[in-house]
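Okay, everyone, thanks for coming. I'd like to walk you through one model today, starting with the ligand and ending with the cysteines.

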Amino acid sequence: MTIRPTFLWGASTSAFQIEGAAHLDGRADSIWDVYLRAPGRVSHNDTAETACDHYHRYAADVALMRDLGLNAYRFSVAWPRLLPQGRGAANEAGLAFYDRLIDALLAAEIEPWLCLYHWDLPQALEALGGWQNRDIAGWFADYAALVARRYGDRVKRFATFNEPCVFTLFGYGLGWHAPGIADRAALHKAIHHVNLGHGRAVDVLRRDVAGASIGAIHNRQPCYPASDSAEDAAAALRLAAYWNDAFPFPQAFACYPPELQEAVAPYIAAGDMAQIARPVDWFGLNHYSPHYVKAGSNLMGASFGPPPAEVPRSAIGWPVVPEAFRDTLLDIHSRFRLPIYVLENGTAANDIVDASGSIQDDGRIGYLKAYTTAMEQAIAAGADVRGYFVWSLLDNFEWGAGYSQRFGIVYVDRATQRRIPKASARWYSNMIAAHRASDDPAGRHNRAEE
Ligand code: FCB
């Protein structure tokens with residue numbers, strides 16, 4: 001067995017993608033609510049006003065997780081639900097929602113993993129410049145303190161940011177995500193201020209939560225040149241600097257990758273790099289597919305090309321390359337020397353409810369088998385991987401794709417909100433149970449502890 005008894009098997013979601021109740025009980029607009037109001041930005045002009053209605057259905061969703069045998073659950077807290085103006089007065093109704101969720105998870109023996117920021121910045125802060133305003137590092141630290149003091153008695157696992165490379169690049173560099181800005185200076189300011197916010201939040205979490213286990217969640221994928229040309233090879237290196245290294249390098253090594261140094265330098269003040277590089281307890285990895293990079297005319301001089309014809313693709317066209325996952329885990333292990341938690345991996349599929357009312361998502365099962373096998377290979381080769389969280393528990397609001405892409409292991413009927421575990425949920429549940437049985441033949445399952 002390469003998988004240790006304490007290995008965590010979980011699922012991940014995010015607040016904006018599942019909660020709904022977008023304007024209930026005092027929650028104010030996030031940048032995504034505002035961004036989606038402009039027509040044409042998202043498939044079918046979908047909104048996340050209701051999403052999976054998890055705000056009201058959280059207890060049933062936790063029961064579902066318990067029935068599947070999950071050890072852990074990663075969710076995010078909505079900043080505009082706790083602090084509608086982003087700072088200042090806290091919203092007690094919003095705070096109480098996560099009390100209920102956390103208590104339900106603990107009662108079900110599911111370890112809560114709380115992520116502070118999964119892209120839903122309060123619009124009130126965007127109006128002040130959002131991640132372009134250096135003051136946001138302090139606003140984020142204050143928000144982290146509120147969360148730490150309220151939930152730190154029950155939650156020990158804290159992530160600062162989910163995929164900072166994606167929300168800065170897409171939101172401030174390329175204009176593909178909220179707040180829809182495409183500007184070179186905006187991107188580089190945002191990168192640095194997010195890094196600063198990370199370091200400030202790590203300090204706050206250490207100070208306010210006894211026994212905190214803290215990390216950040218990075219999307220990391222190999223960037224392969226799309227052709228043999230020297231231009232594509234250079235573009236792949238540039239994209240890798242933005243995508244893979246712009247956050248882990250400063251956070252672990254107190255420096256920016258050389259490709260970014262000049263562009264970020266104007267925003268770095270004395271002491272910043274030490275403030276950013278606070279020690280953390282683990283490396284959170286989100287991984288889906290490698291990038292095939294072409295030279296391009298955007299601000300990185302690099303664009304996302306199609307994969308070579310021989311590379312298998314998922315139902316939504318994403319390349320399926322489990323070896324890239326194995327190699328990424330080994331690369332993280334050798335560079336960062338931290339325990340690794342895979343906090344997102346999974347695939348969308350064209351899921352259909354059949355005549356018997358079930359969803360036979362064999363494509364997803366094949367993907368999950370291939371990727372968890374690749375992870376086991378990485379562990380056997382020495383990578384210190386301690387948990388795997390599937391993306392996602394539920395079909396949810398998939399950003400620019402709206403509800404058109406189903407990533408859940410549990411199907412959500414959009415009209416009725418009915419949840420139906422797909423065949424992949426049963427497969428995942430059986431796999432977790434099999435690991436437990438082989439870990440603990442006498443059936444005395446102990447909750448995972450590091
Ligand atoms: C990741 C995001 C997550 C979801 C998956 C499919 O980039 O963190 O919210 O959109 O992709």
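So, Glu344: an N or O atom in its side chain is 2.9 Å from an oxygen atom of the ligand. Keep in mind that this is a predicted model. Glu398 does something along those lines too, with a side-chain N or O atom 2.8 Å from a ligand oxygen. And then there's Asn162, where a polar side-chain atom lies 2.9 Å from an oxygen atom of the ligand.

How much of the ligand's accessible area does the protein cover? On its own the ligand has 290 Å², and the protein covers 95% of that. As for where the ligand sits, that's the largest pocket.

Now zoom out to the shell. Besides Asn162, Glu344 and Glu398, the residues surrounding the ligand include Gln17, His118, Trp119, Glu163 and Asn286. Also in there are Tyr288, Trp391, Trp399 and Phe407. Sort the shell by type and you get five nonpolar residues, four polar ones and three charged ones.

Okay, cysteines. How many disulfides does a search of the whole structure find? Zero. Why does Cys115 have no partner? Its closest cysteine sulfur is in Cys165, and at 13 Å that's too far for a bond. Cys165, in turn, has its closest cysteine sulfur in Cys223, but those two sulfurs are 9.2 Å apart, so that's too far for a bond as well. For a disulfide, we'd want the two sulfurs within 2.5 Å.

And are these two buried or exposed? Cys115 is buried, at a relative accessible area of 0%, and Cys165 is buried too, at 4%.

Key:
Residues numbered from 1 in each chain as written. Predicted model: local features only at pLDDT ≥ 70, side-chain atom pairs only at ≥ 80, totals over all residues. Heavy atoms only, no water. Near = heavy atom within 4 Å. Polar contact = N/O pair within 3.5 Å; in protein donor to acceptor, adjacent residues only side chain to side chain. Areas by Shrake-Rupley, 256 points an atom, 1.4 Å probe, with all protein chains shown as cover. 1 Å grid on protein atoms, 1.4 Å probe; cavity = no way out; pocket = protein on both sides within 12 Å on 5 of 7 lines; lining within 4 Å. Sits in = over half its atoms within 2 Å of the grid points. Nonpolar A, V, L, I, M, F, W, Y, C, P; charged D, E, K, R; others polar. Buried < 20%, exposed > 50% of the residue type's maximum accessible area, 1.4 Å probe, protein only.
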